[in-house]
Amino acid sequence: MDQGQRPALNMDLPREVGLAARHGEIDVVKDWLATGGAPDAISSDGHTLLWRASSSSRPSCASVAEILCAAGARDVGGIVGEGGCLGYAAMHGAVDTVRVLLRYGTPAGATLLNGTQALHQAMAVNEWNLYQDPWTIDKAQTAASTGHQGVVRLLLKHGAAVNARTRGSSFTPLMLAARLSGFISLDVVRELLAGGADLDLVN
């Protein structure tokens with residue numbers, strides 16, 4: 001290795017470090033980085049360390065995401081593709097993680113591999129059957145409604161298209177909210193309407 005050349009970072013993400021990111025264990029993630037672990041490391045199932053941190057509503061996961069992004073991780077890698085971390089953070093109602101990802105350059109209107117955008121995913125907050133993190137599942141099961149007004153407001157503020165359609169089914173966020181009638185937070189619906197959601201669109 002040439003003098004001054006940095007050693008290669010470890011890209012192979014151990015399972016325990018990935019779980020620590022999802023559980024918001026800040027010190028474990030800091031130790032990983034301090035010992036040569038890559039901030040954009042990918043586990044054997046194709047998920048990045050940043051995606052792990054984005055797939056939970058634990059408050060400390062936003063700090064993990066901040067540490068990883070500051071170290072160079074971006075919302076572009078792994079099997080979920082560009083914007084995948086933002087979509088999962090939105091779906092989990094992790095508003096502080098959403099804020100971190102937007103600040104580090106993830107487009108609010110990025111189209112995910114499943115044809116949705118983060119704004120669509122924000123309608124599914126507290127749909128606990130979509131989650132894997134036990135803490136997040138327990139929290140969602142006691143929630144009074146679905147959707148997250150704060151995430152919706154933040155995404156719209158950063159340029160998400162309020163009438164964006166899903167690929168294939170052509171649902172707008174408001175259409176998805178209507179499908180969840182009786183469960184969706186009315187504050188989410190009000191936020192969409194205040195942002196210009198079109199009541200007359202059909203799919």
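**Figure 1. Surroundings of Arg58 in the predicted model.** Not counting residues up to four places away in sequence, Arg58 touches Arg22, His23, Asp133, Trp135 and Thr136. The structure shown here and in the other views is a predicted model. Arg58 belongs to the loop that runs between helices H3 and H4. The relative accessibility of Arg58 is 18%, so Arg58 counts as buried, the limit being under 20%.

**Figure 2. The aromatic pair of Trp51 and Tyr88.** When the whole structure is searched, one aromatic pair is found. The ring centres of Trp51 and Tyr88 are 5.1 Å apart and the ring planes stand at 75°; because planes over 60 degrees apart count as edge-to-face, the pair falls in that class. Distant parts of the chain are linked by the pair: Trp51 is in helix H3 (residues 49-54), Tyr88 is in helix H5, and 37 residues separate them. Trp51 has a relative accessible area of 2% and is therefore buried. Tyr88, with a relative accessibility of 30%, counts as partly exposed.

**Figure 3. Packing of helix H5 against helix H6.** Helix H5 covers residues 84-91 and helix H6 covers residues 95-103; their axes come within 8 Å and cross at roughly 160°. Angles over 145 degrees count as roughly antiparallel, so this term applies to H5 and H6. The two helices, H5 and H6, make a left-handed crossing. On the H5 side the contact is made by Cys85, Leu86, Ala89 and Ala90, and on the H6 side by Thr97, Val98, Leu101 and Leu102. Sorted by class, the contact between H5 and H6 holds seven nonpolar residues, one polar residue and no charged ones.

**Figure 4. The buried residues of helix H6.** Thr97, Val98, Val100, Leu101 and Leu102 are buried in H6. The packing partners of the buried H6 residues are H3, helix H4 (60-70), H5 and helix H9 (149-157). Gly105, just after H6, has a positive phi of about 105°.

**Figure 5. Packing of helix H9 against helix H11.** The axes of H9 and helix H11 (residues 186-194) are 9 Å apart, and the two helices pack at an angle of about 15°. Angles under 35 degrees count as roughly parallel, which means that H9 and H11 are roughly parallel. The crossing in which H9 passes H11 is right-handed. Gln149, Val152, Arg153 and Leu156 of H9 meet Asp187, Val188, Glu191 and Leu192 of H11. In this contact of H9 with H11, four residues are nonpolar, one is polar and three are charged.

**Figure 6. The buried residues of helix H9.** In H9, the buried residues are Val151, Val152, Leu154, Leu155 and Leu156. These buried residues of H9 pack against four helices: H5, H6, helix H7 (118-121) and H11. Just after H9 comes Gly159, where phi is positive at about 100°.

**Figure 7. Ala140 in helix H8.** Helix H8 (residues 134-141) contains Ala140. The relative accessibility of Ala140 is 6%, so Ala140 counts as buried. With neighbours within four places in sequence left aside, Ala140 is in contact with Asn126, Trp128 and Tyr131. From Ala140 to Thr97, the separation is 43 residues in sequence and 17 Å in space, taken from C-alpha to C-alpha. Thr97 is one of the buried residues of H6.

**Figure 8. Ile42 in strand S2.** Ile42 is located in strand S2, which spans residues 37-42. At a relative accessibility of 33%, Ile42 counts as partly exposed, because this class lies between 20% and 50%. Residues up to four places away in sequence are not counted in the contacts of Ile42, which touches Met11, Asp12, Leu13, His47, Thr48 and Gly78. Leu13, one of these residues, is 29 residues from Ile42 in sequence, and the C-alpha atoms of the two are 5.4 Å apart in space.

Methods
Residues numbered from 1 in each chain as written. Predicted model: local features only at pLDDT ≥ 70, side-chain atom pairs only at ≥ 80, totals over all residues. Heavy atoms only, no water. Axes fitted to C-alpha atoms, helices over the stretch in contact; angles between N-to-C directions. Parallel < 35°, antiparallel > 145°, perpendicular 65-115°, else oblique. Left-handed = near helix turned anticlockwise from the far one by under 90°. Contact = heavy atoms within 4.5 Å. Nonpolar A, V, L, I, M, F, W, Y, C, P; charged D, E, K, R; others polar. Phe/Tyr/Trp six-rings, centres within 6.5 Å; stacked < 30°, edge-to-face > 60°. Buried < 20%, exposed > 50% of the residue type's maximum accessible area, 1.4 Å probe, protein only.
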